[in-house]
Amino acid sequence: MRPMRHLCVVIAVVASLSATVASAQESRPAMVDSARALINDFNELQSFALLRRALDPALGAPDASWARGVLLLGQTLLQKNQREEAVSWLRWALRRSPTLQADSVTSTPALVTALQEARAFVAASGTEPRVSLRFEWATATTSGGFGDLRVARGAGDASGPVQLSVNGAFLDEGRPLRLSPGSYRVAARASGQSDAEFTTEVLPGVTTMVTITFVTASVGGSRAVEPLRPTFPPAVEPLRPTLPPAVVPKASKGRSKLWAVAAGVAGVGIVAVLAMPKSAPGPTTGGIVLRLP
């Protein structure tokens, strides 16, 4: 029985160690370190997937490893000329951690500049206290993918109609809208409620879920929104090329004068023939020759 007990103990210890190793491999610091190794081996594509997973809020609040992952992802995307996605991640990160800083010694100048511009953008766009954000990470994503934006009202809000728009285009309430990575301006209006307007980021492989809690507007500021219908920008007709007017070629002045002289000489010859006196019939071998110049 003792050998069997010893075997069971060994199996339990190995299983525990395997679980610990697997957990460490999935931890945020381990994923950031693995991504750094992949970048050093010029395998940026796989590093993008690891860094995105490391930034998942489900792994915990922003910490030192999270900051390293954000800056490493932004720097690598900039080096790969994927600026739009890099800026989107930096803006999103600054909304979650306004104190995020890039070391000017270890970071590239492009990253330092991009982070400064992202900070100015986030400060200018402001915040909306009636809006709460939640992010759902996909299981796996690749660089340059799309993200989803879904906007809905709070559970306790009235059931009246709501008009939503993103960058001026109509948005269905509660229905995900697939968008390219970037920052988007969302506006919400409801009858008898105060309007809400805010900016949020859409990230590749991530669903940004926005919940708006409407507040009843004051008597002076209340306005009816009836009916609430989607508004679309007018269709823009394509520009059509304008053709120049047809040009009729003009006759040469020299040739016009030549034909006029010829016509005049011919007319004089005809008049001279008609004016000649009639004579007795003779040989019929004569004639009149007109030579035109």
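Let me start with the strands, where, in this predicted model, strand β3, residues 162-166, and strand β6, residues 182-190, pair in the antiparallel sense over 5 bridges. If you look for one of these bridges on your screen, you can begin at V162, whose partner in β6 is A190. Strand β6 also pairs with strand β7, residues 196-202, again in the antiparallel sense, and here there are 7 bridges. As a landmark in that second pairing, A187 stands opposite E197 in β7. Between β6 and β7 the hairpin has 5 residues, and within the hairpin G192 takes a positive phi near 80 degrees.

Now let us turn to helix α6, and I would like to check its length with you. With 17 residues at 1.5 Å a residue, α6 should span 24 Å, and because its end C-alpha atoms are 24 Å apart, the expectation and the model agree. Which residues of α6 are buried? They are L111, V112, A114, L115, A118, V122 and S125. Seen down the helix axis, these buried residues fall within an arc of 165 degrees, so they line one face of α6. On the other side of the helix we find P109, Q116, A123 and A124, which are exposed. What does the buried set pack against? The buried residues of α6 pack against two helices, α4 and α5, and against two strands, β6 and β7, which we met a moment ago. Just after α6 comes G126, which takes a positive phi of about 75 degrees.

That brings us to the nonpolar cores. The largest of them has 36 residues, and those with the most contacts inside it are L55, W89, W92, L100 and W137. At least two residues of this core come from each of α2 (28-40), α3 (44-54), α4 (64-79), α5 (83-96), α6 (109-125) and β1 (131-137). The largest share, 8 residues, is supplied by α4. To see what such a well-connected position looks like, please select L100, which, leaving aside residues up to four places away in sequence, touches A67, V70, L71, A93, L94, L115 and R119. Notice that L115 is also among the buried residues of α6 that I listed earlier. Finally, there is a second, separate core of 18 residues, which includes V131, L149, V186 and A196.

Definitions and conventions. Residues numbered from 1 in each chain as written. Predicted model: local features only at pLDDT ≥ 70, side-chain atom pairs only at ≥ 80, totals over all residues. Heavy atoms only, no water. Core = buried A, V, L, I, M, F, W, Y, C linked by side-chain atoms within 4.5 Å. Buried < 20%, exposed > 50% of the residue type's maximum accessible area, 1.4 Å probe, protein only. Helix = DSSP H or I, 4+ residues; strand = E, 2+ residues; numbered from the N terminus. Contact = heavy atoms within 4.5 Å. Pairing = 2+ DSSP bridges. Expected span 1.5 Å × (residues − 1). Arc of directions from axis to C-beta.
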